Amino acid sequence: MFAYALRRLGQSLLVLVLMSFLVFVGVYAIGDPVELLVNPQADAVERARATAALGLDKPFLEQYAIFLKGAAAGDLGRSFVFNVPALGLIIEKLPATIELAFVAMVIAVALGIPLGLVAGLYPESVVGRSIMAGSIVGFSLPTFWVGLVLIMVFSVHLGWLPSNGRGDTVDVLGIPMSFLTLDGLSHLFMPALNLALFKLSLLIRLTRAGAREAVLQDYVKFARAKGLSQRRVIGVHVLKNILIPIVTVIGLELGSVIAFAIVTESIFAWPGTGKLLIDSINQLDRPVIVAYLLSIVTLFIVINFVVDILYSLLDPRVRLGGAAGAH
Amino acid sequence: MSAEPLLQVEGLRTHFFTKAGVVKAVDDVSFSVARGKVMGLVGESGSGKSMTGYSIVGLVDSPGRIVGGRILFDGVDLATLDPVAWRAIRGKRIAMIFQDPMMTLNPVLRVDTQIVEAVLAHAGVSRESALARAREALVRVGIASPDERLRAYPHQFSGGMRQRVAIAIALVNQPDLIIADEPTTALDVTIQGQILFEMQKICAESRTALIWITHDLSVVAGLADTVCVMYAGRVVETGRVSEVLGQPLHPYTRGLIDSVPSRNRRGEPLRQIPGMTPSLLGMGEGCAFRERCAAASAACASSPDVAELARGRFVRCFHPVGEPMAAASP
Amino acid sequence: MATDSPWARLRADFAESRLAMAGLGLLVALVGLALLAPLLSPQNPYDLAQLDVLDSKLAPGEKSSTGGTYWLGTDDQGRDMLSGILYGLRISVGVGVASTGLALSIGMVFGLLSAYFGGWLDAIIMRVVDIQLSFPSILIALILLAVLGQGVDKIIVALVAVQWAYYARTVRSAALVERQKEYVEAAKVLALSEARVVFRHLLPNCLPPLIVVATVQVAHAIALEATLSFLGLGLPVTEPSLGLLISNGFQYLLSGKYWISFYPGVALLLTIMAINLVADQLRDVLNPRLRR
């Protein structure tokens, strides 16, 4: 178990280094930031000075080396646009994104698993069918369009909810969170719902598929042959079996939710890292882009790692190895 | 010992209503099992033997359901029971063992959980006492160091061990009847022998009746008191083991016995029943076996009923092979 | 009915779900509309000569200055929304299908190679696939497009890069299972060339899961392209897909001119939903574990 964890850790670090290189290469090729930050009428001398000041005149590999050294110390450059440390900018915006992603995930799980279970166990019923139909619609709706429609209905038409920005925050363990204030909730509701919709549908479908397959398994029949109540058969035997792959999916989807928050943040002007990224791409603010990518990559690697370990803990077959065999 | 049989199945019919048509998986099946006795239910795949077992415990899944007949268990017709009442009997008075223990034991739950829940479903005892009974049950089926085994997961056991656990679960509530659906088919031959022997011993000790469903005649020969042969969803022959195996009356039974390799003489071509098992879909009138029967005649185009040719000896055939002997000593 | 060909059985099983058949019908209709857009739309919205800016931002149902009716309204430049949607549909579906087809071919080749030859080739390919699949597609596409810039070809490249890994992995899994089956050994024993074994024997049996993945992925590709265009990173203004149309209309949403964004969204939704309905039924029909 420990050896496994260690091996995964090593692999993760390798991926991180590789990704940092790829990211650096990719971003290095985007446009010329000097053009953006320098007065268009500046002459060559001015440009040269700006270039040197931003360190853009050094050869590629040297830039990468400087970058790596800085990265190891936590310094990922300064934003060309805001002239503050890029990493600091990311960290400042991160809580907003994490809050949004987290609330969205909670909504998706709290609704998705029960609904999916009902749809899987009673597939021919009216309720089951409507849940399935609903999930297909939810799955097909383009996230950004749903955001628009939500704004259309709740902000423009009904005027109930604000259409952009984040509400008042309260510090939780030193991190500003907005879900504890009423104003915060009113700002959080639509974006979180928007972000949750796709994952919700996905979870319903997954749970349903898992439940349908599980119910056909022999161990369900055997459990019923023991005279167990339907509640126990479903609640313990079936649920425990389908939860294992679902937990894995939830863990992996968390990363995806954080990425998709980019779109939701753009629509609702939610001040998180996603909006920061889009703005940075448009403004060619390279250090911020690099910092974002690396932070996200690290986050994903950590999430994947945790999910791997979690999976091996949950599934006794993986945790305890193969058949003991001894008679 | 009462003269009433423990289980009396009369005219049981279980049909499956599929999109392609009606499949008569169990079609007019009748037999009886006395307390403490062993009956072998023999047939090939698709003969309806497993489905008969499921019908008795009420585990027929849609699109199938019991459409006719009676299942008299200790005087009560199970087919008329509501689901809750049937569930009370299932696992407590009638227990079932399935074929593949890897698939029947839940891989993500510990063995003790799976045995204890069987106890707690039928008795409001404490978890400790349920656990004690689980331990006892494991010892009875011959599992050494039960405490260690209780805390393990199914995948950590070998196939034979898992089946013993399944048997322990079946025994833990001291049922009157155990229905075993091909429990040794998935195991090695040597293990098979052990399990057979132990089940026989346990059932004899506790006077538990046993229905052993199998396709393997040799198993039946050593184990059972009576045997019931099924073909295409119908019972074709019933009787005491020694009689049926010693002098089979139905052409199918005869063909089955003859095709066992050990019964053939060396150097002669292996005997087999010509043709193939008919599809159960849309089976019409007439004897199901007539396409493959050497003795078939025009009369066989109408379905034969079960005839009691001697006491306890039933055959469904217009042309049984010979006459039954006078009751021979078992 | 052992004599039914697999395709006949597939068709029959598929047709069991009325919902899926409805989805299929909708899909055929939408694709037909998309293909025939130039013929069907009342106006070519990209021919500047046909536009009258005085007609801009008209609500659905209002009349144009030339007497026709704008059934779905007009946008800020006076372009008929209905026409815009038909053309946009064409581009969205076209890009989606093209990128899926390419990704499928590339992924399939890698998957088959990986499964058949095993060893270090397999290890490398699968390592790349795993790493790529652990990142959300939108992120990969975003970065690629940020680097490559705008254009139809570039967005197709991005979409292909995002998708090929799914196919590679699906095909490899299916091929590995098939490879162990005896008919492959038999084919090898008959000294058939390796290419023949791979293409004539392994491939057809890997098709069912591939069909399911491909169908779902087309919808995913269309949605992804729309999202990227919406964010301003996808297709250029000269080739507006439905995503770009929606993006154009965003600024008018708060002043109540909802139709500029709303209706293209509905078209997008219907397309994706139709594909998903079909894909769902295909998955159920081709899933061996649901066989009774």
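**Helices, a mixed sheet and two interfaces in a predicted three-chain model**

At 1.5 Å a residue, the 37 residues of helix H4 (residues 81-117) of chain C should span 54 Å, and the 53 Å that separates its end C-alpha atoms agrees with this expectation. The model in which this helix occurs is predicted, and within chain C the confidence is highest in H4(C), at a mean pLDDT of 87, whereas the lowest value among its elements, a mean of 67, falls on helix H8 (residues 182-189) of chain C. Since a residue counts as buried when 20 or more other C-beta atoms lie within 10 Å of its own, and 26 of the 37 residues of H4(C) are buried, the helix is largely enclosed by the rest of the structure. H4(C) is followed by C:Gly118, a residue whose phi is positive, near 60 degrees.

Chain C as a whole contains 11 helices and zero strands, so that, in the terms used for helices and strands, its pattern along the sequence reads α-α-α-α-α-α-α-α-α-α-α. Of its 292 residues, 47% count as buried, and among the contacts in chain C with a separation of 6 or more, 68% are accounted for by residues 24 or more positions apart. The mean pLDDT of chain C is 79, with 81% of its residues reaching 70 or more.

Chain A, in turn, has 13 helices and two strands. Of the 327 residues of chain A, 40% count as buried, and residues 24 or more positions apart account for 69% of its contacts with a separation of 6 or more. One position in this chain, A:Leu180, is found in the loop between strand S2 (175-177) and helix H8 (182-215) of chain A. With 13 C-beta neighbours inside 10 Å, A:Leu180 counts as partly exposed; from A:Asp168 it is 12 residues apart in sequence and 8.7 Å apart in space, taken from C-alpha to C-alpha.

In chain B, eight strands form an open sheet in the order S6-S7-S8-S3-S9-S10-S12-S11, and the pairing within this sheet is mixed. Strand S6 (94-97) and strand S11 (307-310) of chain B are the edge strands, each of which pairs on one side only, and neighbouring strands of the sheet are turned by 20 degrees against each other on average, direction ignored. In general, strands of a sheet pair through backbone hydrogen bonds, either parallel or antiparallel. Strand S3 (residues 38-42) and strand S9 (residues 226-231) of chain B pair in the parallel sense over four bridges, and the bridge partner of B:Val42 in S9(B) is B:Val229. Across S3, S6, strand S7 (177-181), strand S8 (209-214) and S9 of chain B lies helix H1 (residues 49-57) of the chain, which runs at about 145 degrees to S7(B).

The mean pLDDT of chain B is 83, and 95% of its residues reach 70 or more. Among the elements of chain B, confidence is lowest in the edge strand S11(B), at a mean of 78, and highest in S8(B), at 92. Over residues 326-330 of chain B the pLDDT is below 50, and beyond near neighbours in sequence this stretch has six contacts in the model. Where pLDDT is low, the predicted coordinates should not be read in detail.

Chain A is in contact with each of the other two chains. The contact between chains C and A takes 32 residues from chain C and 31 residues from chain A. On the side of chain C that touches chain A, helix H6 (137-148), helix H9 (194-230), helix H10 (242-250) and helix H11 (259-286) of chain C each supply at least two residues, and the largest share, nine residues, comes from H11(C). The residues of this side divide into 24 nonpolar, six polar and two charged.

The contact between chains B and A takes 29 residues from chain B and 24 residues from chain A. Two or more residues of the side of chain B that touches chain A are given by each of helix H2 (83-89), helix H3 (101-104), helix H4 (111-120) and helix H7 (159-171) of chain B, with the largest share, three residues, coming from H7(B). The residues on this side of chain B divide into 16 nonpolar, eight polar and five charged. For the model as a whole, the scores are ipTM 0.79 and pTM 0.74.

Methods
Residues are numbered from 1 along each chain as its sequence is written. Chains are lettered from A and ligands numbered from 1 in the order in which they are written. This is a predicted model: local features need pLDDT of at least 70, side-chain atom pairs count only at pLDDT 80 or more; totals for chains, interfaces and linings use all residues. Two strands pair if DSSP finds at least two bridges between them. Axes are lines fitted to C-alpha atoms, for helices over the stretch in contact, and angles run from 0 to 180 degrees between N-to-C directions. Two residues are in contact if their C-beta atoms, placed from the backbone, lie within 7 Å. Ala, Val, Leu, Ile, Met, Phe, Trp, Tyr, Cys and Pro count as nonpolar, Asp, Glu, Lys and Arg as charged, and the others, Gly among them, as polar. The expected span of a helix is 1.5 Å times one less than its number of residues. A residue is buried if 20 or more other C-beta atoms lie within 10 Å of its own, exposed if 12 or fewer, and partly exposed in between; C-beta atoms are placed from the backbone. pLDDT is the predictor's confidence in each residue, from 0 to 100.
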